[in-house]
Amino acid sequence: MTFSLDAAERSLLERLPKIELHVHLDGSVRPQTLKELALEAGRPLTAYSDAELESRMKVNDSCGSLTEYLEKFSFVLPYLQTGEALERTAYELVEQAAAGRVRYIEVRFAPQLHRVTGLTLEAVIRHVTEGLKRGEQHFGTVARAIVICLRSHPLEQNMAVIEEAARFHGKGVVAADLAGDEASYPPGLFRGLFGEARRLGLPVTIHAGEAGGADHVRVAVMELGASRIGHGVRIMEDASVMELVKEKQIPLEMCPVSNLQTKAVSAVADYPLRRYLENGILVTVNTDNMTVSDTTLQKEYELLLEHCGLSIGQLVQVIMNGARASFLEPDEKARLIEKVTLELAVLGLTANAGG
């Protein structure tokens with residue numbers, strides 16, 4: 001069932017406090033910022049009109065797969081190879097989030113992709129976390145980093161990422177992730193890597209159940225130690241995996257617009273978020289890539305209410321799920337939950353679900 005929100009409903013969505021647990025730094029660079037970074041790098045993007053530049057950075061309705069979706073990143077990455085560029089884009093991502101009333105954001109990035117001109121892993125992580133910290137100070141949105149290992153990278157590169165991320169744990173970094181071509185590199189290949197992450201005390205989230213099936217989620221949880229799952233949209237393919245995720249209370253970092261663009265789900269009418277929520281699964285809603293997907297949390301919420309049958313009450317539950325699923329330390333998490341609960345109460349909404 002589809003319906004249109006009225007002005008009052010859209011206004012309420014705008015005023016909601018929001019939580020963003022799954023957003024990629026390199027997929028959320030402003031086009032204007034990229035133009036300026038390219039100019040500073042001596043490779044100005046003068047051959048592109050604004051419309052052409054956006055077409056290189058954003059997917060459209062013709063996007064056919066996750067592989068095609070990921071191609072947009074290769075255009076941006078050459079300009080994210082200095083500490084200044086990384087710090088600026090991290091800072092601006094917090095600024096974008098704050099403008100949408102996001103109260104907490106976890107920004108993920110793959111450090112090995114930003115070392116083309118010689119930055120060390122330590123420098124990459126330090127500059128991103130400094131940018132997030134500065135953004136938090138200026139805009140009030142609490143910001144932390146998740147460090148990504150890439151499926152296509154050799155073990156030694158990924159192990160170096162885990163080791164460096166562990167040194168920043170509690171200093172801006174809150175978790176480790178696995179991302180990239182899920183279909184070609186199933187999670188079972190990375191047992192040793194994430195065993196080391198857990199040994200070093202790093203919480204783990206894994207991209208799974210997006211381009212791969214439900215069994216990838218099972219392996220990510222049972223063998224890689226994932227305490228959250230990135231996407232997880234395909235767990236509906238196996239009732240036993242749905243039960244596992246529910247029983248272990250593993251939050252799903254769902255990204256509706258992106259999931260539709262990558263064809264993880266073929267049509268918005270088939271998007272399973274409401275079904276998961278009503279079956280007791282801890283669903284959260286995120287943007288994935290603000291620029292590549294041309295989205296915001298406001299747009300994600302509008303999609304869910306207009307096309308997926310979510311109610312405002314269910315959306316409040318999703319927001320509270322996000323606050324409770326954050327990788328913050330317990331005292332910081334408690335403060336976040338209290339803040340979001342109070343803001344919801346001011347709007348006449350009760351945060352009493354999903355405790």
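This report walks through the cores, one helix, the openings and a few single residues of the structure above.

The model is predicted, and local features are described where pLDDT is at least 70, side-chain atom pairs count only at pLDDT 80 or more, and totals for chains, interfaces and linings use all residues. Residues are numbered from 1 along each chain as its sequence is written, and side-chain values use heavy atoms, with hydrogens and water left out.

**The nonpolar cores**

Let's begin inside the protein. A nonpolar core here is a set of buried Ala, Val, Leu, Ile, Met, Phe, Trp, Tyr and Cys residues joined through side-chain atoms within 4.5 Å. Buried stands for under 20% relative accessible area, exposed for over 50%, and partly exposed for what lies in between (1.4 Å probe, protein chains only). The largest core holds 107 residues, and the members that touch the most others are Leu34, Phe194, Ile206 and Ile229. Helix α15 (residues 312-325) contributes the most to this core, with seven residues. Helices (H or I, at least four residues) and strands (E, at least two) are DSSP runs, numbered from the N terminus. There is also a second, separate core of six residues, including Val59, Cys63, Phe73 and Val292.

Isoleucine 229 is a good place to look at packing in detail. Leaving aside residues up to four places away in sequence, Ile229 touches Thr205, Ile206, Ala208, Val217, Ala220, Val221, Ile250, Pro251, Leu252 and Glu253. A contact of this kind means heavy atoms within 4.5 Å.

**Helix α2 and its two sides**

Leu34 of the largest core also appears among the buried residues of helix α2 (residues 31-40), which are Pro31, Thr33, Leu34, Leu37 and Ala38. These residues lie on the same side of α2 because they cover an arc of only 150° around the axis. The arc is taken over the directions from the helix axis to the C-beta atoms. As background, an α-helix has 3.6 residues a turn, so residues three or four places apart point the same way. Leu39 and Glu40 are exposed on the other side of α2. The cover over the buried residues of α2 includes α3 (50-57), α5 (72-76) and α6 (83-99).

Glutamate 36 also belongs to helix α2, and its relative accessibility of 30% makes it partly exposed. Glutamate 36 and glutamate 106 are 70 residues apart in sequence, and their C-alpha atoms are 25 Å apart in space. After α2 comes glycine 42, which has a positive phi near 80°.

**A pocket and a cavity**

Both kinds of space are found on a 1 Å grid over the protein atoms alone: a cavity is a set of points where a 1.4 Å probe fits but cannot get out, while a pocket is an open set with protein on both sides within 12 Å along at least five of seven lines, and lining residues have an atom within 4 Å of a point. Grid points are joined across faces, edges and corners, and a volume is the space filled by probe spheres set on the points.

The largest pocket has a volume of about 450 Å³. Its lining has 29 residues, and those nearest the centre are Leu70, Phe73, Leu150, Ala179 and Gly180. Two or more lining residues come from each of α4 (66-70), α5, β2 (102-109) and β3 (142-150), and α4 gives the most, with three. By class, the pocket lining has 12 nonpolar, 10 polar and seven charged residues. In this count, Ala, Val, Leu, Ile, Met, Phe, Trp, Tyr, Cys and Pro are nonpolar, Asp, Glu, Lys and Arg are charged, and the others, Gly among them, are polar.

The structure holds one cavity of 30 Å³ or more. The largest cavity has a volume of about 40 Å³ and is lined by Ile19, Thr284, Val285, Tyr301, Val318, Ile319 and Gly322. Helix α15 supplies the largest share of this lining, three residues. The cavity lining has five nonpolar, two polar and no charged residues.

**Three loop residues**

| Residue | Loop | Relative accessibility |
|---|---|---|
| Methionine 236 | between β6 (228-231) and α11 (239-247) | 27%, partly exposed |
| Glutamine 249 | between α11 and β7 (252-254) | 37%, partly exposed |
| Aspartate 288 | between β8 (283-285) and α14 (297-307) | 3%, buried |

Methionine 236 touches Met242, Pro272, Arg275 and Tyr276, again not counting residues up to four places away in sequence. Glutamine 249 has a positive phi of about 55° although it is not a glycine. Aspartate 288, another residue other than glycine, has a positive phi near 75°.
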